[in-house]
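Me: I have a structure here and want to go through its side-chain packing and charge pairs. Can we take it one question at a time?

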Amino acid sequence: NGSLVLFAALFAAGILYINRLPVSAEEAVPETSVQAETLQPMSSQSGTCGEHATWAFDEGNGTLTISGTGEITDPSSKYSFAKKINKVIIEEGVTGIGEYAFASCTNLTEVRIPKSVTSIGAYAFASCTGLTEAQISGPVINIEESVFLECENLKKVTLPETVTGIGECAFAGCYDMAEIRIPASVTSIGDSAFEGCVSLKSVYFEGSAPQFPVESSKLFRRVH
């Protein structure tokens, strides 16, 4: 039953988000994993994306469905239809979303993450500029580095009560995010976690004070 703390008016008005964020998703994606891959033809409407995970893409409605078990290890950006994905459905049984799994899927607006997912890798949804909402319902422990970096239209994120850490730049550049609730389970928040979130007005923390960086202002740099 932690007390509810409201962090409002985080910094004085007039602070502008001028400098570019340290690393963008496209710069960070390893050349060997995405950029050097040969794009798969549009005729390929299904395939594997992990040792025991498979994908199926419906070009008619832009829905990518992930099923099976284990972790998603192949980034969607290796496929020629990546820019046409507007909805991702991850079915129960999938336990992990790997690094860069959906990075730079710029038309993705909706993602369903089931309760079976326990881990989400760094940059998993970075630069998904069309994404407006993300609900994480599974027992995820850490929101890794830059998971939602530069998701500039992301307005709402629901974090589970199991999360203990929020990584560096996890929500940096989420321009449209106006508020966020941090569950009582969180004990650490990385540098620049909310850097450049220029619309952020309220942060609700439901527990005791977490471990902030040495300079806690780094959490919310360039926030109005």
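Reply: Start with a cut-off: buried means under 20% relative accessible area, exposed over 50%, and partly exposed in between. Keep in mind that this is a predicted model.

Me: Is D74 buried, partly exposed or exposed?
Reply: D74 has 23% relative accessibility. Partly exposed lies between the 20% and 50% limits. D74 therefore counts as partly exposed.

Me: Which residue forms a salt bridge with D74, and is that residue buried or exposed?
Reply: The closest N and O atoms of the D74 salt bridge are 3.9 Å apart, and the partner is K78. K78 has a relative accessible area of 11%. Buried means under 20%, so K78 is buried.

Me: Which residue does D176 bridge to, and where do the two sit?
Reply: D176 lies in the loop between β13 and β14. Its partner lies in the loop between β11 and β12, 21 residues apart from D176. The closest N and O atoms are 3.5 Å apart, and the partner is K155.

Me: How many salt bridges are there in the count?
Reply: D74 with K78 is one of them. E110 with R112 is another, at 3.5 Å from N to O. The count comes to five salt bridges.

Me: Why is the ring pair of W55 and F81 tilted?
Reply: The ring centres are 5.2 Å apart. Planes under 30 degrees apart count as stacked, over 60 as edge-to-face and the rest as tilted. The planes of W55 and F81 stand at 50°, so the pair is tilted.

Me: Is the pair of F57 and F81 stacked or edge-to-face?
Reply: F57 is in strand β3, and F81 is in the loop between β5 and β6, 24 residues apart. F57 and F81 are buried. Their centres are 4.2 Å apart with 5° between the planes, and the pair is stacked.

Me: Which strand supplies the largest share of the largest nonpolar core?
Reply: This core has 52 residues. Strands that each supply at least two of its residues include β3, β4 and β14. The largest share is three residues, and it comes from β3.

Me: Which aromatic residue among the contacts of I166 also belongs to the aromatic cluster?
Reply: I166 is among the residues with the most contacts inside the largest core. It touches I143, L159 and F171, among others. The aromatic cluster includes F148, F171 and F194. The shared name is F171.

Me: Which ring does the charged end of R181 sit over?
Reply: The charged end of R181 is 4.5 Å from the ring centre. That ring belongs to Y204.

Notes
Residues are numbered from 1 along each chain as its sequence is written. This is a predicted model: local features need pLDDT of at least 70, side-chain atom pairs count only at pLDDT 80 or more; totals for chains, interfaces and linings use all residues. Side-chain values use heavy atoms; hydrogens and water are left out. A nonpolar core is a set of buried Ala, Val, Leu, Ile, Met, Phe, Trp, Tyr and Cys residues joined through side-chain atoms within 4.5 Å. Buried means under 20% relative accessible area, exposed over 50%, partly exposed in between (1.4 Å probe, protein chains only). Helices (H or I, at least four residues) and strands (E, at least two) are DSSP runs, numbered from the N terminus. Contact means heavy atoms within 4.5 Å. Rings of Phe, Tyr and Trp (its six-membered ring) pair if their centres lie within 6.5 Å; planes under 30 degrees apart count as stacked, over 60 as edge-to-face and the rest as tilted. A charge sits over a ring if NZ of Lys or CZ of Arg is within 6 Å of the ring centre and within 35 degrees of the ring normal. A salt bridge is a side-chain nitrogen of Lys or Arg within 4 Å of a carboxyl oxygen of Asp or Glu. Lists of a residue's contacts leave out its neighbours within four places in sequence.
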